[in-house]
Amino acid sequence: MEEHAPRFNLSIVSSDVEVGGARLSAEYALSDEEIAIAHWWVLINCEEVKYWKELHLSFPEVDGDLEYHNMTFANYFRTWMDMIKSDDNPNWSHELLLLAMQLQRARVYPTCTVNGVKFVSKERDNRRRTQNSGVMAKGHGLDYYGVLHSVVELVYAEGMKVHLFKCRWFDTGAQSMKMDQYGNLSVNTATSAYEDDPFVFATTVKQVFYLDDLAKGDAWKIANIVHPRNIYRAATLGVTIPRPEADAYQEPNAVGIHDVATVRDNNVKHGRVLRIRDEDSTFIDVDPNEETNDDSDDELRHRLPDINSDTEEDSSDDSDYEP
């Protein structure tokens with residue numbers, strides 16, 4: 001992190017997130033539609049925007065219509081932030097004005113360290129002996145399991161950054177997630193769901209380690225939530241911890257999780273439909289208390305190869321998308 005980086009007073013902006021590796025090539029860049037979805041997702045899940053969401057939903061022309069709300073809220077929000085910035089409104093802030101403005105750029109990365117825990121995209125994870133791509137996001141009465149596709153850095157005015165994970169979520173239906181008598185949760189990783197809702201705040205995710213389910217076989221994996229040791233919140237301890245210098249926490253790798261193309265073919269074959277996650281955006285607010293640093297290979301400037309490719313990675317770095 002930059003020594004004198006500006007601090008922004010929004011719950012969705014965290015100084016505990018560090019992206020790593022070279023930015024991915026253009027083929028991994030977000031499309032215009034994905035950029036709009038990512039920005040919309042940030043708005044509707046930002047706690048400080050809640051007042052304005054409820055106000056918009058109460059309008060007679062909206063009348064609680066969520067589809068109309070989703071299509072029009074961003075424009076209303078930006079207009080409001082411009083109009084009332086001099087009215088001393090308690091629900092206005094400079095950070096909300098920055099959030100309401102158009103994105104300056106969106107970047108995608110292969111790795112990210114959050115509160116001392118290292119996450120790696122699934123494509124890159126396939127080439128490693130350790131496993132760092134498994135993710136879990138808590139919802140309202142339901143947990144969502146998946147793998148990390150890429151780390152997204154949304155850059156707003158004045159350098160305000162919001163970090164998202166773009167994920168491939170596994171199906172949460174009863175036929176795709178099963179609990180055994182010992183409390184072990186097994187997930188069918190050959191399925192996928194919520195393809196129109198891939199984003200989650202980087203700071204709300206827990207890391208998952210997937211083990212082969214020998215009883216069910218095939219694509220079934222037992223999901224184990226990773227609990228890193230000796231992780232504390234520095235602010236609570238009243239100390240300032242310097243940037244670590246040893247390896248970030250990571251788990252041994254597992255194999256056999258199907259690629260995106262295979263999963264999409266299975267979904268079409270079995271007539272599965274897309275769904276939207278009902279996520280509980282509870283932030284994980286801790287800091288590392290032991291020395292960590294990125295793997296030396298994260299210093300190399302290269303792009304992710306295709307999932308099934310055996311070729312060496314190149315140094316493409318042209319995914320700095322500017323809408």
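Two strands count as paired here if DSSP finds at least two bridges between them. With that in hand, welcome to a short tour of this predicted model.

**View 1. Strands β3 and β4 meet in a hairpin.** Four bridges join these two strands, β3 and β4, which run antiparallel. Look across the pair and you will find Thr113 facing Lys118 of β4. The hairpin has two residues between its strands, and Asn115 adopts a positive phi near 50°.

**View 2. β3 also pairs with β1.** Here, too, the sense is antiparallel, with four bridges between β1 and residues 111-114 of β3. Val17 has Val114 in β3 as its bridge partner, while Gly20 is matched with Thr111 of β3.

**View 3. Three strands form an open sheet in the order β1-β3-β4.** The pairing is antiparallel. At the edges sit β1 (17-20) and β4 (117-120), each of which pairs on one side only. From one strand to the next, the twist averages 20°.

**View 4. The side chains of β3 point two ways.** Thr111 and Thr113 point one way, Cys112 and Val114 the other, and all of them are buried. Cys112 has a relative accessible area of 1%, so it falls under the 20% limit for a buried residue. Cys167 is also classed as buried, at 7% relative accessibility. If you are looking for disulfides, the count is zero.

**View 5. The largest nonpolar core holds 37 residues.** Which of its members touch the most others? They are Ile12, Val42, Phe77, Met81, Leu99, Leu154 and Leu164. Helices and strands both take part: α1 (32-44), α3 (66-83), α4 (94-100), β2 (105-109), β7 (143-155), β8 (161-169) and β11 (199-201) each give two or more residues to this core. Another core, of 19 residues, lies apart from it and includes Tyr109, Val114, Leu148 and Val205.

**View 6. A cavity of about 40 Å³ is the largest in the model.** The count of cavities of 30 Å³ or more comes to two. Which residues line the largest cavity? Its lining is made up of Ile12, Val13, Ser14, Val17, Lys161, Val162, His163 and Thr203. β8 gives the most to this lining, with three residues. Two of the names may be familiar from earlier views: Ile12 from the largest nonpolar core, and Val17 as the bridge partner of Val114.

Note on methods: Residues are numbered from 1 along each chain as its sequence is written. This is a predicted model: local features need pLDDT of at least 70, side-chain atom pairs count only at pLDDT 80 or more; totals for chains, interfaces and linings use all residues. Side-chain values use heavy atoms; hydrogens and water are left out. A nonpolar core is a set of buried Ala, Val, Leu, Ile, Met, Phe, Trp, Tyr and Cys residues joined through side-chain atoms within 4.5 Å. Buried means under 20% relative accessible area, exposed over 50%, partly exposed in between (1.4 Å probe, protein chains only). Axes are lines fitted to C-alpha atoms, for helices over the stretch in contact, and angles run from 0 to 180 degrees between N-to-C directions. A disulfide is a pair of cysteine sulfur atoms within 2.5 Å. On a 1 Å grid over the protein atoms alone, a cavity is a set of points where a 1.4 Å probe fits but cannot get out, and a pocket is an open set with protein on both sides within 12 Å along at least five of seven lines; lining residues have an atom within 4 Å of a point. Grid points are joined across faces, edges and corners, and a volume is the space filled by probe spheres set on the points.
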